[in-house]
Amino acid sequence: KSPTVSKKAIVIWPDVYGMSNRLRLIADSFAFKGYHAMVMDSFHGDSMANKPDDMTKIEWLSQYSYESSVSNDINAGFDFLHDKGVEKGEISVIGFCWGGWAIAKSASEGIKWKCAVSPHPSVKIENVIFGRDEKVMMDKVSIPYLLLPAGDDPENVKAGSEIVGKLEERGGGSVLFESMSHGWVSRGDLSILDVKENAEKALTLAVEFIDKHY
C-alpha cells in the first residue's frame, strides 16, 4: 500500500518460482514511490521449486493458462484496486520471466494496461508451453511495453528484431543487459556486485518508464 493517497497502481507478476521476499521488497519500493503495488500469485502458493524430477516445467506450467488462471486474477485484481480508488486505465504492470508472457498474453487479449515492463521476458511460453505463435501474440500488443532481456534470452526480444521494432512503434522497446543471465533481477545472486548493480539499473529503468506514462 502506498503511504500516500494514490490513484495509480503497479501489478507485479513473478517468475515460475512464485512469491519471494525479493518480489515483496520490489513491491514495497514501488509503493514508496506512490503506487499501489500488488503482487499476483497466479500459482496460488505453488511454484516450480522443489518439483519431482519427473515433472517437467512444460507439464507444470501448462496448468496455468490465460483462460484458467491469468484472466481470472486480472479481473479480481482490477476489482480490488478499483475499491482502492484506482481506475482500470491507471494500472501498469511489471512481469518477470513467466510474468512477461502473462503481460503479453493479457495485452493481446485486450487488457489495456497503462504500460508494461518485463525483465528477462519469457514470451516464448506462448509457443513452448501452449503451442501457439508468440509472434502473433506480440503483434497484438498495442500498449507501451519495455523488455529488459538478459544476454542469454532469445534474439526476438532484443533490439533489432521484428517483435521489438513493432513495440518501438507503440512506445516500447528493448534494453539489453548483455552480461546478465536470465532471471538476474528476480533471483540473481545479489552478493555479486555486477548482478546487484544491473538488477538495480533494470528496476530504475522500469520505474522511469512507468513514471513517464502518468
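1. α9 lies across β1, β3, β4 (116-119) and β5 (145-148), and its direction makes an angle of about 175° with β5. Axes here are lines fitted to C-alpha atoms, for helices over the stretch in contact, and angles run from 0 to 180 degrees between N-to-C directions. Contact means heavy atoms within 4.5 Å. Helices (H or I, at least four residues) and strands (E, at least two) are DSSP runs, numbered from the N terminus.

2. The model is predicted: local features need pLDDT of at least 70 and side-chain atom pairs count only at pLDDT 80 or more, while totals for chains, interfaces and linings use all residues. Residues are numbered from 1 along each chain as its sequence is written, and side-chain values use heavy atoms, with hydrogens and water left out.

3. The sheet is open and has 6 strands in the order β2-β1-β3-β4-β5-β6, with parallel pairing. Two strands pair if DSSP finds at least two bridges between them. β2 and β6 (173-174) stand at the edges with a single partner strand each, so one side of each has no neighbour in the sheet.

4. Strand β1 (residues 9-13) is joined to strand β3 (residues 91-95) by 5 bridges, and the two run parallel; Val 11 has Val 93 as its bridge partner in β3. β1 and β2 also run parallel, joined by 4 bridges, and here Ile 10 is partnered by Ala 37 in β2.

5. Ala 37 belongs to strand β2 (residues 36-39). Side chains alternate along β2: His 36 and Met 38 point to one face and are buried, whereas Ala 37 and Val 39 point to the other and are not. Buried means under 20% relative accessible area, exposed over 50%, and partly exposed in between (1.4 Å probe, protein chains only). Leaving aside residues up to four places away in sequence, Ala 37 touches Ile 10, Ala 27, Phe 30 and Ala 31. The C-alpha atoms of Ala 37 and Ala 27 are 5.4 Å apart, with their positions 10 residues apart along the chain.

6. Two residues that are not glycine have a positive phi: His 44 at about 50° and Cys 97 at about 55°. His 44 lies in the loop between β2 and α2 and is exposed, with a relative accessible area of 56%. Cys 97 lies in the loop between β3 and α4 and is buried, at 8%.

7. Lys 105, in helix α4 (residues 98-108), counts as buried because its relative accessibility is 6%. Residues up to four places away in sequence aside, Lys 105 touches Tyr 66, Glu 126, Arg 132 and Met 137.

8. The largest pocket has a volume of about 230 Å³. A pocket is an open set of points on a 1 Å grid over the protein atoms alone, where a 1.4 Å probe fits, with protein on both sides within 12 Å along at least five of seven lines; lining residues have an atom within 4 Å of a point. Grid points are joined across faces, edges and corners, and a volume is the space filled by probe spheres set on the points. Of the 15 lining residues, Lys 57, Cys 97, Ser 122, Lys 124 and Ile 125 lie nearest the centre of the largest pocket.

9. The second largest pocket holds about 180 Å³ of space. α1 (21-31) and α9 (193-211) each supply at least two residues of its lining, which includes Arg 22, Leu 25, Lys 196 and Leu 203.
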